[in-house]
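Trainee: I'd like a close look at a single part of this protein, taken slowly. Please start with one aromatic residue and work outwards.

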Amino acid sequence: MQTAFLILLHLCAAGVSTSPFTHFSSEDEEFQSLLIRDKRQDTAEICDFGSDTDLVTCDWSNRNGSSLRWEAGAGSLSNWLGGPPKDGSSNDDAQRGGYIYFETSYVPTPRTTKVGQRAYIESSVMGSTGPEGKCVGFGFSMGGLSAAGLRVILKPKNSNEGDDDDMERVIWSNKDPTGGQWKQADVLYTYNKEHQVIFEGISKDLNDPLRKYRGHVAVDNVALKPGSECRGHCTFEGGICAWTNDEDDDFDWSLGRGSRNPSTGPAMDCTSFFHGGMEGGYAFIDSSHPRRPGDIARLSSPEMDATGVDTPLCLRFFTHMYGNGIGTLSIHLMDVREGNERDIWTLSGEQGNAWYQADVPVSSPNPFKIVVVGKVGKNILGDIAIDDLSFHPGSCPTAPQIAAPMPGDCTFEVDECGWANVPSRERMDELDWERVSALTGTEGRPLMQNVDHTLSSDKGFFMTLARSTNVQRPASRAWFTSREFPGSANAHCISFWYVLNEPFIGNAGPSLGALSVYTKVIEPDGNVIKKPVWKLYNHQGPEWHYGQALIQEEKSFTIFFEGMWGSSLANGIIGFDDITLFDGACSTTPPSATTHHGDCRFERDICDWVNSTTSNTFWKLATVARRPANLPDKTFGAPEGYIYFDLFNSGSSVVRLTSRFIAATDDRQLCFTFWYTAFGSGETAELHVVRVDNTTSEEETRKLWSLEARNMDTSRPTWRPAQVAVDSGTDFRLVLEGRATNGGFAIDDISFSTGACSTRPEKATPKEPEEEDG
């Protein structure tokens, strides 16, 4: 049995473990608001919650006795009452549109503290869904430090009477912030008795210091639809939904309620296995006569819409692969427009006599179909079953890990999945990454992050940057590298969750360190090319954040995470979790992590920049022993980690630092930013930024930015921001040119960003030649 499956054992059709809920014991409270008109409709099927002048709650009501409540709100009222700044529609009036929300920072009355982090809003009582099920469609938004999650719950009408077969069950859940956006979700479920659907908003625990910060969980455009409208979802209770058995395979997938052979197949369907009872069925391949080893059955989904470059999906299903003749179960993605098909998930052999959750990241630039392929194994004990197929917004690491087509997805709950610290014989770093949980910590040191991302539990594991037991200096780093991936002309995307938290920030500002993602290619001549694809510095907050980066490598490559400590003496944390690799191009998330050729913070070297001065005088890298007096590093406040020139008593009065060629961009404009300061006793020092375009037969140069030390206080050097627009319509280089007879300039944190910008400081705008002559 695969160990990864045991770790990812979850409740069927939910994705999280559930238990009976404790009901509030406080007295009923009146739902009061002059802005809210409660409309009760016996047959309400959809609710958009009205507008800011006429808010409605349709047929939804807060659970009796709850001191925490869902309220009706609108974007135009959000800064006053709470909630997101717009509703879940794409209309021009989205700011005025209504929704329901739970303000997660609200503290309940003292007598309800045991259940003081949850709010429940319920539908009216509904009858049996029938075998085709019911589809709950809705938009959701979640944000703020106090928000912890949103769940959809199925509540049997008589669940309070203590019948174990009729307990509340979670049928959908989300624990991640939506980044200021609304996301859409569909939930397909079946139930044969009277019941209600509940939205449960969850806030941080009362003893969590983040609980006092504002936050919200919001829901909009709730639709109770026929089960067939959950496109691609299927519980197999009343058939195979809109899925179809292919005609060009060897045999068909069948429907079943329980195996007739205890040596293969499941005893019951997934829902019954986890919740008790015998509610439904599943789909399976029957490997008995007349099937032969190698026979294939293909089950195809309805056509699905393209996912978009930054909106992948997570296909979730449950599988049962028990019997010593088990063959192979595969998930293929078929591009409807191109007509090609590729394997995105494959698992072979017996996995144990239980239902297990499987996750598959799905991304396609064109409309697509999902094809479930079952292959008969070596004998008749090879029935493979699937149940509860559903699609969820966002990427997810492949589960189990061994089913991924590329060996890179990892939740770190079992092990490092083939990722590893760089071997000592190859090391160019000083530290290691450590797989830890909040319970175990690292080297006896308590963690600043009390839960992992995968399970949101102190028992869950993630990777964190270790601290050295020896003397640790700024820019001490660790590399964590993948196995080798084959090159491809197609783009890939790597996604992950990260935390950079520095809880105590000194007077010098944030100085935690950095987290970066690189690709590494080894050329045939042995030359190693490292390319940064994602980089983020210093404190980003106490929460887990989503990150992603584009990978485009036509030659075989590896990926590595680099962690770098700054000069912070605080007990901060740098960590990551839940790596996912999926096909397709994507944009960098967050945008501040975007890297450009020429970016450099000078922590260890001068990156791709080159000293191009012909004499022995050049730009120097600041060190503890040799640097301008009283000038710390801008990045981390460290005593080193920037560049400077000092031409006092020098034989040369000019130094130049030149970038490599920077490729033209589609936007045709880049903003070049950096930090600078002048130092020394002289006033003759000058600093210039020059653009060199040698795409023509002769090099063309243009001075973009120019500043003199004259009238600057050089006795107390202070870092100041600078920026200038650069024409990127053609390939170019930049030159940092320094001139002086006494004194110098220092520079740090140079970077490029897309788009134009004004010159800063304004006095650094170069004068035209006629102005200088005048």
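Trainee: Does Phe745 count as buried or exposed?

Mentor: Phe745 counts as buried, because its relative accessibility is 0%. (Buried means under 20% relative accessible area, exposed over 50%, partly exposed in between, with a 1.4 Å probe and protein chains only.) Before we go further, remember that this is a predicted model: local features need pLDDT of at least 70 and side-chain atom pairs 80 or more, while totals for chains, interfaces and linings use all residues. Residues are numbered from 1 along each chain as its sequence is written, and side-chain values use heavy atoms, leaving out hydrogens and water.

Let's look at the rings. The model holds 39 aromatic pairs. (Rings of Phe, Tyr and Trp, with its six-membered ring, pair if their centres lie within 6.5 Å; planes under 30 degrees apart are stacked, over 60 edge-to-face, the rest tilted.) One of these pairs is a good warm-up: Phe138 and Trp172 are edge-to-face, with 5.1 Å centre to centre and 90° between the planes. Phe138 belongs to strand β9 (residues 134-144) and Trp172 to strand β11 (residues 169-174), so this pair ties together parts that are 34 residues apart in sequence. (Strands are DSSP runs of E, at least two residues, numbered from the N terminus.) Phe138 and Trp172 are both buried.

Now back to your residue. Phe745 forms a tilted pair with Phe645: their centres are 6.3 Å apart, with 35° between the planes. Since Phe645 lies in strand β37 (residues 643-646) and Phe745 in strand β44 (residues 744-754), the pair ties together parts that are 100 residues apart in sequence. Like its partner, Phe645 is buried, with a relative accessible area of 0%.

Next, follow the strands that carry these rings. β37 and β44 run antiparallel and are joined by four bridges. (Two strands pair if DSSP finds at least two bridges between them.) Within this pairing, Tyr644 has Ala746 in β44 as its bridge partner. β37 also pairs with strand β36 (residues 620-621), again antiparallel, through two bridges. There, Lys620 has Tyr644 in β37 as its bridge partner. That puts Tyr644 in bridges to Lys620 and to Ala746.

Another residue brings this neighbourhood together. Leaving out residues up to four places away in sequence, Trp619 touches both Phe645 and Phe745, and its other contacts include Ile643, Tyr644, Leu687, Leu736 and Ile747. (Contact means heavy atoms within 4.5 Å.)

Trp619 also leads us to the wider picture. The largest nonpolar core has 35 residues, and Trp619 is among those with the most contacts inside it, along with Phe672, Phe674, Tyr676, Leu687, Trp705 and Leu734. (Such a core is a set of buried Ala, Val, Leu, Ile, Met, Phe, Trp, Tyr and Cys residues joined through side-chain atoms within 4.5 Å.) Both β37 and β44 give two or more residues to this core, as do other strands including β38 (654-658), β40 (686-693) and β43 (733-739). β39 gives the most, with five residues. Apart from this core lies another, of 34 residues, among them Cys417, Phe485, Ile494 and Leu500.

One last stop is Thr580, in strand β34 (residues 573-583), which has Ile494 among its contacts beyond four places in sequence. With 1% relative accessibility, Thr580 counts as buried.
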